[in-house]
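Colleague: I would like to go through this chain with you. For each label, please tell me how you arrive at it.

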Amino acid sequence: MPRVLPHAVPVALTALVLLLGGCGSDDPTTSADHAIGAPRHHRAQPATPPPSEPPAQGTGGGKGGLSKPRHQDGGKDGGKVASLFSPGDPRPTTMGAHLLTARAMPVVSKGSWRIVRNGAEDERPVGACQKTSLETIGAVSAVLRDYDGGGTLRATQVVARFADKVSAARAHGVLTAWRNDCAQRLDFPRTKVGPIVQVATHRGLGEAYRSAFGPKSGRALASGFGMVWKGRFLSIIEIAADTTTYPADWDPARAAVRRISRTFA
């Protein structure tokens with residue numbers, strides 16, 4: 001039998017301790033790395049994602065922290081939305097399918113809405129605060145529908161498709177900027193532009209604001225302007241009438257925004 005040298009035993013034991021000391025850790029960085037301050041490798045952080053619309057805006061708490069939309073216009077819209085859009089309806093496949101029918105328009109007066117024009121968006125801006133058409137600010141294509149509610153009551157809706165949701169986000173920002181300096185641009189003796197308010201929607205981002213303008217005396221024009229942004233789609237609607245016809249206690253444009261959002265379900 002070979003003779004083991006006495007000095008070899010502590011060397012072997014030391015080696016065994018060092019070997020066992022390296023086990024039991026899944027961290028690829030060794031203790032030596034920490035001791036000398038060696039840089040650790042981190043997974044590359046993704047680039048800042050493109051803008052996207054927030055989830056449907058709710059007003060009450062729900063399961064999992066989600067909010068369920070509810071009506072906010074003094075109950076005027078009531079349960080009419082459910083009767084106008086059945087959950088079993090087929091999903092729209094064209095831009096025109098996101099245009100509200102005359103029956104789906106919010107009831108403002110005793111008269112009924114009727115559609116007076118369908119077609120491609122033209123150069124005229126929709127709403128007193130808008131400067132140009134949506135195609136001018138980047139829309140690939142857009143369709144338009146004009147409504148007549150009788151008397152001075154009128155409405156126009158546009159649905160536009162953009163190349164991507166980033167382009168739609170930029171256009172949404174432009175619409176917001178136009179509203180912000182609207183009161184300074186309108187050449188009327190009496191002008192009032194209300195704040196943008198978020199609307200509880202079923203899909204996408206919904207917003208609306210009111211405005212009124214006209215002569216110092218006599219009837220002025222009142223209107224509600226609504227926006228629905230979903231992905232690469234952006235829809236706007238204006239409902240307008242003289243101040244004696246347009247409701248003061250609720251905003252038809254907000255009701256229209258909710259109904260437009262349901263077409264994206």
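Colleague: Why is Asp122 called partly exposed?

Modeller: This is a predicted model, so every value is computed from it. Asp122 has 23% relative accessibility. Buried means under 20%, and exposed means over 50%. The value lies in between, so Asp122 counts as partly exposed.

Colleague: How do you know that Asp122 forms a salt bridge with Arg124?

Modeller: Their closest N and O atoms are 3.0 Å apart. The cut-off is 4 Å, so the pair counts. Arg124 is partly exposed too, at 33% relative accessibility.

Colleague: What makes Arg124 and Asp146 a link between separate parts of the chain?

Modeller: Arg124 forms a salt bridge with Asp146, and the closest N and O atoms are 2.5 Å apart. Arg124 lies in the loop between strand 3 and strand 4, whereas Asp146 lies in strand 4. The two are 22 residues apart in sequence, so the pair ties those parts together. Asp146 is buried, with a relative accessible area of 11%. Asp122, Arg124 and Asp146 also belong to a network of salt bridges that includes Arg117.

Colleague: Why does the pair of Asp242 and Arg219 count as a salt bridge?

Modeller: The N to O distance is 4.0 Å. The rule asks for within 4 Å, so the pair is accepted. Asp242 lies in strand 10, and Arg219 lies in the loop between strand 8 and strand 9. They are 23 residues apart in sequence, so this pair ties together parts of the chain as well.

Colleague: Are these two residues buried or exposed?

Modeller: Asp242 counts as buried, at 7% relative accessibility. Arg219 is exposed, with a relative accessible area of 60%. The count for the structure comes to nine salt bridges.

Colleague: Why does Asp251 have no salt bridge?

Modeller: The nearest side chain of opposite charge is Arg210, 4.4 Å away. A salt bridge needs a distance within 4 Å, so this pair does not qualify. Asp251 is nevertheless buried.

Colleague: What does the side chain of Asp251 contact instead?

Modeller: The side chain of Tyr246, in a polar contact at 2.5 Å. Asp251 lies in the loop between strand 10 and helix 6. At the start of that helix, a side-chain oxygen of Asp251 reaches to within 3.1 Å of the backbone nitrogen of Ala253.

Colleague: What makes helix 6 largely enclosed?

Modeller: Ten of its eleven residues are buried, so the rest of the structure largely encloses helix 6. Among them are Pro252, Val257 and Ile260.

Colleague: How do you know that Cys129 and Cys182 form a disulfide?

Modeller: Their sulfur atoms are 2.0 Å apart. The limit is 2.5 Å, so the pair is a disulfide. The angle about the S-S bond is -85°, and the link is left-handed. It joins distant parts of the chain: Cys129 is in the loop between strand 3 and strand 4, and Cys182 is in helix 5, 53 residues apart. A search of the whole structure finds one disulfide.

Colleague: Why are both cysteines called buried?

Modeller: Cys129 has 2% relative accessibility. Cys182 has a relative accessible area of 0%. Buried means under 20%, so both qualify.

Colleague: Why is Trp229 called buried?

Modeller: Its relative accessibility is 6%, under the 20% cut-off, so Trp229 counts as buried. Trp229 lies in strand 9. Its side chain reaches the backbone oxygen of Gly231 at 2.9 Å.

Methods. Residues numbered from 1 in each chain as written. Predicted model: local features only at pLDDT ≥ 70, side-chain atom pairs only at ≥ 80, totals over all residues. Heavy atoms only, no water. Helix = DSSP H or I, 4+ residues; strand = E, 2+ residues; numbered from the N terminus. Buried < 20%, exposed > 50% of the residue type's maximum accessible area, 1.4 Å probe, protein only. Lys, Arg positive; Asp, Glu negative; His and termini not counted. Polar contact = N/O pair within 3.5 Å; in protein donor to acceptor, adjacent residues only side chain to side chain.
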